[in-house]
Amino acid sequence: MKRTVRTIGSVDKLDLPFFGIEDLDCKIDTGADTSSLHCSKVRVVEKDGKEYLKFRVLDKKHPQFSKVDQLVSDFREKTVRSSNGESEIRYAIRTKVVLFGRTESITFTLADRGKMKFPVLLGKRFLKHKFLVDVAQNDLSYTEKVSAG
């Protein structure tokens, strides 16, 4: 079955069903290789002899923040180079996002994006073969969701 490529604008809103978050602002960034999610209190913990990644999605300054600790066993470390050329090691997780009514798998690196305008950045690894970016457009998925609902 051939996948339909959708047009997405330069910014939009997405849902993170695993974390119970809807309509979260995101920036579409074709210059970024990986996607990034704003998280706080990111740390590795041990439970029953197994390592888990514990974190909170967003932070207390964000209106959609809840003090719920997330615990995932499927995570890895990834080296990410920022736009200024500096490299840092971040944790990466797999989860799901909903855009245009479709649930898609995504890998997010967890980062402190508290000083950024958008808590989520969608990079080209996620966008490739799914979306065509039209920088003159905004909120195409969110507009479609609101008109359908």
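In this predicted model, the lining of the largest pocket draws at least two residues from each of three strands: E7 (75-81), E8 (87-99) and E9 (102-111). Of the elements involved, E7 gives the most, with four residues. The lining has 23 residues in total, and those nearest the pocket centre are Ala32, Arg81, Ser82, Ser83 and Arg90. The volume of this pocket is about 590 Å³. By class, its lining comprises ten charged, seven polar and six nonpolar residues.

The second largest pocket has a volume of about 160 Å³. Its lining takes at least two residues each from E7, E9 and helix H1 (124-127). Here E9 is the element that gives the most, again with a count of four residues. Arg94, Ile106, Thr107, Arg125 and Phe126 lie nearest the centre of this pocket, out of 13 lining residues. Six of the lining residues are charged, five are polar and two are nonpolar.

The two pockets are set side by side below.

| Pocket | Volume | Lining residues | Element giving the most |
|---|---|---|---|
| Largest | about 590 Å³ | 23 residues | E7, four residues |
| Second largest | about 160 Å³ | 13 residues | E9, four residues |

Strand E7, which supplies residues to the lining of the largest pocket and to that of the second largest, is paired with E8. The two strands run antiparallel and are joined by seven bridges. Within this pairing, phenylalanine 75 stands opposite isoleucine 93 of E8. E7 and E8 form a hairpin, with five residues between the strands. The turn contains glycine 85, whose phi is positive, at about 90°. In a regular strand, side chains alternate between the two faces of the sheet.

How many disulfides does a search of the whole structure find? The search finds zero. Cysteine 26 is in no disulfide, and the nearest cysteine sulfur to its own, that of cysteine 39, is 15 Å away. A disulfide is a covalent bond between the sulfur atoms of two cysteines. Cysteine 39 lies too far from its closest cysteine sulfur for such a bond, because that sulfur, in cysteine 26, is 15 Å away; the cut-off for a disulfide is a sulfur pair within 2.5 Å.

Are these two cysteines buried or exposed? Cysteine 26 counts as buried because its relative accessibility is 0%. Cysteine 39 also counts as buried, with a relative accessibility of 4%. The cut-off that applies to both is a relative accessible area under 20%.

Terms used:
Residues are numbered from 1 along each chain as its sequence is written. This is a predicted model: local features need pLDDT of at least 70, side-chain atom pairs count only at pLDDT 80 or more; totals for chains, interfaces and linings use all residues. Side-chain values use heavy atoms; hydrogens and water are left out. On a 1 Å grid over the protein atoms alone, a cavity is a set of points where a 1.4 Å probe fits but cannot get out, and a pocket is an open set with protein on both sides within 12 Å along at least five of seven lines; lining residues have an atom within 4 Å of a point. Grid points are joined across faces, edges and corners, and a volume is the space filled by probe spheres set on the points. Ala, Val, Leu, Ile, Met, Phe, Trp, Tyr, Cys and Pro count as nonpolar, Asp, Glu, Lys and Arg as charged, and the others, Gly among them, as polar. Buried means under 20% relative accessible area, exposed over 50%, partly exposed in between (1.4 Å probe, protein chains only). Two strands pair if DSSP finds at least two bridges between them.
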